[in-house]
Structures are given as structure tokens and as C-alpha cells.
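Biologist: I am still learning to read models of this kind, so please give me a close look at the salt bridges, and then place them in the chain around them.

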Amino acid sequence: TKYILDVCPFDSNHKGKDACIFQGRNGAIGFHCFHNSCSGNTWRELRLLYEPDAYEKKLYEQERKMYQNFNRDKQPVVEIVQKDGVPVFMTAEDILNKPKVEESFIKTGVEIIDRKLRGLKKGYVSVVSGLRGSAKSTWLTDLSCVAIDCGNNVGVYSGELTDKNYMKWMNLQLAGKTNVQPTSYEGYYKVPYDIQKKIAKWLSGKFYLYNNDYGNNFESIIKEFEKMIQQCKLDLLILDNLMSFNVATMSVDKYEAQKMFIWKLQEIAKKYDVHIMFVAHPRKAMGFLRLDDISGSADLSNAVDNAFIVHRNNDDFKRLTKAMFMWKDDNTIYQSTNVIEIAKDRDGGIQDEFIPLWYEKESKRLKNYPAENRIYHWDNDGFIPATDYEQEMFK
């Protein structure tokens with residue numbers, strides 16, 4: 001529908017059929033005047049001409065609702081009560097004389113991470129991000145296998161995989177290339193049942209996967225994990241991924257809920273001395289994926305202690321890294337299939353550290369070098385001497 005105006009609202013000299021208001025089939029409204037001096041005037045400018053606060057009213061209403069909810073849920077301020085012998089403000093001498101807290105780390109199996117970060121520090125929280133198909137979940141399952149083999153107990157929430165599919169993937173990684181069989185489908189392999197039984201027995205008391213039949217409410221699930229941490233002495237908690245959780249019960253505002261999510265993880269990590277890793281998908285990024293591209297609240301990347309970005313070494317990765325870092329075609333990192341980037345390291349300040357890895361389709365493993373063949377301890381019959389690195393890793 002087109003409404004031809006007798007006079008342009010912005011300039012009375014524009015008369016006749018020079019200006020009109022129109023509405024398309026989809027309901028969208030527009031304004032146009034054929035004179036160059038009015039070329040920047042759209043429906044928005046026309047509406048503001050007659051209704052100056054038209055767009056501010058909508059924003060004000062949104063803010064009013066947000067602050068109403070904030071004030072409704074706001075907790076009273078608790079006054080700090082000083083404990084006997086514990087100062088509210090500490091001097092340098094107070095800090096110097098505090099008992100030293102022992103640090104403990106969980107090995108990841110990625111040599112450079114375990115050497116430069118010493119592994120995953122217990123009491124810390126890490127975020128893992130990466131584009132779809134970059135192998136985020138593959139790495140986390142691989143990491144779980146290494147952590148368990150090093151004597152740690154692991155709890156996992158996998159919001160996107162069924163329990164059967166998760167174990168199918170994990171069995172392949174634990175079994176290794178020499179213990180799997182090809183199927184009639186190209187690129188698909190399986191683990192013989194007798195080996196699956198050995199692996200299941202070996203994992204007993206060391207590995208716990210949340211049953212998705214009990215729902216995806218974050219507050220309910222994290223309470224159950226708290227019980228498991230205490231009862232089963234969990235050392236590592238993996239949450240894959242943030243977007244599969246229902247966090248709406250924490251706040252009506254999405255970003256506020258995500259902030260409360262990360263604070264809760266930090267609280268649990270420190271309280272129980274466990275390391276928590278969670279996956280957060282990135283928002284759409286036009287350039288090379290960076291830490292700031294993680295979707296959601298900025299508190300996610302600010303509050304975590306470590307951040308890792310998993311990249312797939314494809315044409316886009318090569319093109320974008322050449323443009324950003326001026327890498328040459330003969331850069332050895334381009335020989336790998338996947339890359340893990342250390343994007344944040346609270347202790348050592350490491351960032352922009354790119355670690356090449358090689359994906360093995362038969363076992364679904366991400367390896368430090370193509371010939372690597374890690375032997376896990378479920379396979380006592382086929383045990384072979386470990387490398388110097390593995391001997392150190394398994395201590």
C-alpha cells in the first residue's frame with residue numbers, strides 16, 4: 001500500500017508526488033522522498049518527527065522490567081564481621097606468613113599444555129570454545145581418558161550425546177587403533193565386545209556420566225555433581241556444553257544467568273579443589289575466532305582461569321592465520337589436522353600459543369604426533385613400556 005503525500009513532512013517545498021509512505025506485504029513500513037536533501041530520511045526519522053520518544057519508550061520499558069526483577073531478587077547487604085585473628089585487610093607480611101597451599105594438576109595428554117601450564121590446575125575453571133566440527137568434544141573425551149589413566153576420577157555432563165554414543169566414542173579412544181575393527185561403513189570403526197567389557201570394568205569407580213533422562217536444569221544438575229564430588233572424590237568435571245543447560249531458573253536475564261553460572265562453577269572448583277571445564281560455543285565471527293567471540297556474557301571469558309580454542313586446520317584456518325599472524329605456507333602447524341590454542345592462562349599469562357595435533361580416524365584420538373600410540377592401563381595384557389613423557393605423565 002502506498003500513501004502519496006501532498007507535502008513532504010521534512011520540507012514543504014517538496015510537493016506533488018515527491019514523497020510517500022508505503023507498507024509492504026510483510027507489514028514493514030517505509031518512507032521515501034525523491035529529493036536529494038531528504039535521501040537520509042527513513043520511516044524511523046519520520047516517526048521521530050512526530051513521536052520523539054518512540055524508540056526510547058521501548059528501551060525504557062525493557063530496562064524497567066529488568067531492574068524490577070533485579071530489585072525483586074536483590075539480596076540484603078551483609079555486613080562483614082571480622083573473625084578472631086583474621087584481618088579484613090592483609091599486609092605483605094600477613095600474606096608471606098600464610099601456610100603454603102599445595103598445588104595439584106591433572107595431565108591432559110597434550111604435551112605442550114602439560115609442560116607450559118603443568119596441566120589443569122585443581123581449583124580452577126576452564127572454558128573451551130571452537131567452531132562446529134573443530135573437535136571440541138573429541139578433545140575433552142580424549143582428555144578424560146588421559147586424566148583417568150593418571151589416577152583421577154572424572155564426572156561428565158554431555159548435553160548433546162546419548163550415553164551409548166558417548167561411550168562408543170570413548171571406547172574407541174581408550175581401545176586405540178590396534179584394538180578396533182572396521183565396519184561396512186567407510187570411516188566407521190567399532191570396539192569388540194570383550195574389549196568393551198575390559199574397559200567398562202577398568203572405568204568402574206573412576207568415571208561417571210550424567211543421565212540426561214533427569215533433565216537439563218543447571219541448578220539441579222550441579223547439586224548432584226556436588227554430591228558426586230564428595231562421595232566419589234571427583235578431580236575433574238566436564239560440562240559439554242553451556243547452551244544445552246537450562247539456566248533460566250537462575251535469572252530472567254540471560255546474561256545475568258550466565259554470570260551466576262560461572263560464579264557457581266568457580267565456587268565449586270575452589271571449595272572442593274576440582275578442575276571444571278565447560279564448553280561455550282562462539283557467536284558468528286567474520287574473521288579468525290578469538291576469545292572475545294565466545295557467545296554470551298563477557299563474564300564467561302573474564303572469570304575463567306584458562307581458555308582454550310580448538311581449531312580445525314582447514315582452508316579457512318590457513319587463510320585467516322596467514323592474514324592475522326603473517327604465517328608462511330611452510331609453517332609446520334599447517335601439517336596437522338587440528339590445533340588447540342591457549343587463549344588465556346591466569347597463572348603464566350600464556351596466550352596465542354598454537355599447538356598442532358593429529359586426528360586419527362580409527363581411534364578418534366587427537367595425537368601429539370602422527371606415530372604416537374598411547375597404551376592405557378585397562379590393557380594390562382598388551383602393556384608396552386611408556387615413553388619418557390608418558391612415564392612422567394603417569395606418575
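Modeller: What follows begins with how the model is to be read, turns to the salt bridges, and ends with other places along the chain.

This is a predicted model, in which local features need pLDDT of at least 70 and side-chain atom pairs count only at pLDDT 80 or more, while totals for chains, interfaces and linings use all residues. Residues are numbered from 1 along each chain as its sequence is written, and side-chain values use heavy atoms, with hydrogens and water left out.

In general, side chains of opposite charge can pair when their charged atoms come close. Here the word salt bridge is used for a side-chain nitrogen of Lys or Arg within 4 Å of a carboxyl oxygen of Asp or Glu, and a search of the whole structure finds 18 of them.

A good place to begin is D347, which pairs with K121 in a salt bridge whose closest N and O atoms are 3.1 Å apart. K121 belongs to strand β5 (residues 120-121), whereas D347 sits in the loop between β14 (338-345) and β15 (353-360), so this pair ties together parts that are 226 residues apart in sequence. The names of these elements come from DSSP runs, numbered from the N terminus, with helices (H or I) of at least four residues and strands (E) of at least two. To say how covered a residue is, we call it buried under 20% relative accessible area, exposed over 50%, and partly exposed in between, using a 1.4 Å probe and protein chains only. By that rule D347 is partly exposed, at 39%, but K121 is buried, at 11%. The pair also has company, since E103 and R118 join K121 and D347 in a network of salt bridges.

Two further pairs can be set beside this one. The side chains of K367 and E360 form a salt bridge with an N to O distance of 2.7 Å, and both K367 and E360 are buried. E372 and R374 also meet in a salt bridge, at 3.4 Å from N to O; E372 is buried, with a relative accessible area of 6%, and R374 is likewise buried, at 5%.

The loop that holds D347 deserves a second look, for D352 is also found between β14 and β15. D352 has a positive phi of about 55 degrees although it is not a glycine, and at 40% relative accessibility it is partly exposed. As a general point, most residues other than glycine have a negative phi, and most peptide bonds are trans. M326, which is not a glycine either, has a positive phi of about 60 degrees; M326 lies in the loop between α11 (315-325) and β14, and it is exposed, at 59%. The peptide bond from D240 to N241 is cis, with omega near 15 degrees, and N241 is in the loop between β11 (236-240) and α9 (254-272).

T138 offers a view from a helix, as its place is in α5 (residues 136-149), where it is buried, with a relative accessible area of 9%. If its neighbours within four places in sequence are left aside, T138 is in contact (heavy atoms within 4.5 Å) with W169, Q173, Y359, K364 and L366.

Finally, the chain as a whole gives the setting for these details. The protein chain has 12 helices and 16 strands, and 44% of its 395 residues count as buried. Among its contacts between residues at least 6 apart in sequence, 61% join residues at least 24 apart. Its C-alpha atoms fill a box of roughly 95 × 70 × 45 Å, taken along the principal axes. The radius of gyration, taken over C-alpha atoms, is 28 Å, whereas a compact globule of 395 residues would have one near 21 Å, by the rule of 2.2 Å times the number of residues to the power 0.38.
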